Amino acid sequence: MPGIVTPPRLYIPGPTEVAADVLAAQTQPLVGHRSTEFTDLFYRVAGKLKPLLLTEQHVYIATCSGSGLQEAAVRNGIKPGRKVLHPVNGAFSERWHQVAVGNGCEAVRVDLPWGQPIRLEDLDPHLAAGGFDAVALVHNETSTGVMSDIGSIAAQVRQRYPDVLLMVDAVSSAGGVRIPFDEWELDLLLTSSQKCLALPPGLAFAAVSDRFLARAREVPFRGWYFDLLLLEKYFSDGRTTPATPAISLLYAADRQFDRMLAEGLEARWARHAQGMQLTHAWAHKHGFTLFPEPGYESPTITCIRNNRDVDVAVMVKHAKARGLVIGNGYGKLKGQTFRIAHMGELTPAQMEELFVVLDEFLS
Ligand code: PLP
């Protein structure tokens with residue numbers, strides 16, 4: 001039996017493990033957020049974020065988790081009296097719809113079976129009816145392990161409905177999968193620090209198009225904390241933020257973004273894809289099937305159908321007792337599925353260590 005891993009190693013879809021030197025970077029002494037030390041740091045981190053998010057347009061760093069930027073998207077992208085379209089194929093696309101409703105948006109929900117990707121034909125009849133300012137797409141549904149083909153949806157929406165903004169939640173995919181923001185002509189992409197970027201929770205990052213900012217100028221009430229035009233003004237005038245940011249986390253981001261760029265994005269994406277392949281092979285070896293519709297399996301998180309009727313809660317406990325943490329199914333899929341993440345810093349060798357422990361349980 002392998003030794004107990006301490007502290008526990010996380011194979012859940014966030015938070016993911018943070019490298020020791022990145023954790024340690026947070027202990028640097030604090031500086032004021034109007035000081036040159038801070039403005040240098042903030043400018044530096046934003047500069048590294050652009051290649052990581054594959055954009056030459058605007059990037060924003062917010063002190064909040066990803067849900068905060070879901071709120072920013074609907075507050076800034078939708079004019080009064082106009083609508084936002086929410087295809088819902090899992091728990092997090094459902095959450096984004098709730099965020100829009102909670103902000104008073106006219107948010108049209110299109111329910112799709114969990115496990116299916118979003119397709120243009122699900123959106124088209126609604127968009128064709130008119131009145132939409134934006135579509136809100138979750139790229140990688142963490143609850144079901146489904147990754148939708150946002151590139152092709154974006155190309156078709158852009159062509160048929162040029163005024164509809166493309167807002168993408170890439171919370172569990174950015175940094176683990178190639179998402180060419182500028183090439184796909186997306187308008188807003190949001191992500192959280194604690195998943196494929198392998199930082200502690202507490203920061204959220206966005207790439208934003210010129211087109212999106214032009215829309216925001218037409219929206220009279222954008223709130224304050226998540227007003228992208230205010231964030232833009234503070235960044236361009238003074239390389240700082242309107243409110244006090246999580247400075248310690250920015251030290252960590254500065255370090256982690258260097259590590260990511262040194263690994264190389266292609267190598268990082270390949271490592272995530274390899275984690276997926278190993279996980280699929282392990283699942284198939286044991287007679288499990290995968291939850292997502294074939295062809296749409298996520299390279300960052302695998303959702304496995306419990307077709308062998310194992311006691312998932314006991315299996316999760318078994319792994320935890322050995323210091324390895326996997327996820328039960330999310331929400332209504334609890335017990336019916338279980339989830340193994342291969343995101344962030346996880347290596348193929350660490351995936352194999354997990355499979356040894358799960359093999360032991362299954363035998
Ligand atoms: N969107 C997706 C796809 C997620 O997986 C999550 C969290 O797991 C969220 C949004 C919410 O992100 P956060 O917890 O960082 O607010």
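A polar contact, as the term is used here, is a pair of N or O atoms within 3.5 Å. With that in hand, welcome to a few close-up views of this predicted model.

**View 1. Polar side chains meet the ligand.** Gln-194 makes a good starting point: a polar atom of its side chain sits 2.9 Å from a ligand oxygen. Lys-195 also reaches a ligand oxygen, with a side-chain N or O atom 2.7 Å away. On the side chain of Asp-169, an N or O atom lies 2.6 Å from a nitrogen of the ligand. Look around and you will find 14 residues surrounding the ligand, with Ser-65, Ser-67, Thr-142, Asp-169 and Lys-195 coming nearest.

**View 2. Two domains share one chain.** Domain 1 is assigned to residues 9–17 + 264–362, and domain 2 to residues 20–260. Their C-alpha centres are 26 Å apart. Where the two touch, 27 residues of domain 1 contact 33 residues of domain 2. Together the domains bury about 2400 Å² between them, and carbon and sulfur atoms give 60% of this area. Three residues deserve your attention here: Trp-269, Tyr-296 and Tyr-330 supply 25% of what domain 1 buries against domain 2, more than any other three residues.

**View 3. Polar contacts and salt bridges cross the domain interface.** Between domain 1 and domain 2 there are 2 salt bridges. Zoom in on Arg-259 and Glu-345 to see their side chains joined in a salt bridge, 3.1 Å from N to O. Across the interface of the two domains, 17 residue pairs are in polar contact. On the domain 1 side that touches domain 2, helix 10 (265–285) and strand 12 (301–305) each supply at least two residues. Helix 10 gives the most to this side, with 4 residues. Sorted by class, this side of domain 1 has 13 nonpolar, 7 polar and 7 charged residues.

**View 4. A salt bridge links two helices.** Side chains of opposite charge can pair when their charged atoms come close. Here Lys-48 and Asp-258 form a salt bridge, with their closest N and O atoms 3.0 Å apart. Lys-48 belongs to helix 2 (residues 36–52) and Asp-258 to helix 9 (residues 247–263), so this pair ties together parts that are 210 residues apart in sequence. If you would like to explore further, the model has a count of 25 salt bridges.

Technical notes
Residues numbered from 1 in each chain as written. Predicted model: local features only at pLDDT ≥ 70, side-chain atom pairs only at ≥ 80, totals over all residues. Heavy atoms only, no water. Domains from an automatic or database assignment. Contact = heavy atoms within 4.5 Å. Buried area = accessible area lost by both parts, 1.4 Å probe. Salt bridge = Lys/Arg side-chain N within 4 Å of Asp/Glu carboxyl O. Polar contact = N/O pair within 3.5 Å; in protein donor to acceptor, adjacent residues only side chain to side chain. Nonpolar A, V, L, I, M, F, W, Y, C, P; charged D, E, K, R; others polar. Near = heavy atom within 4 Å.
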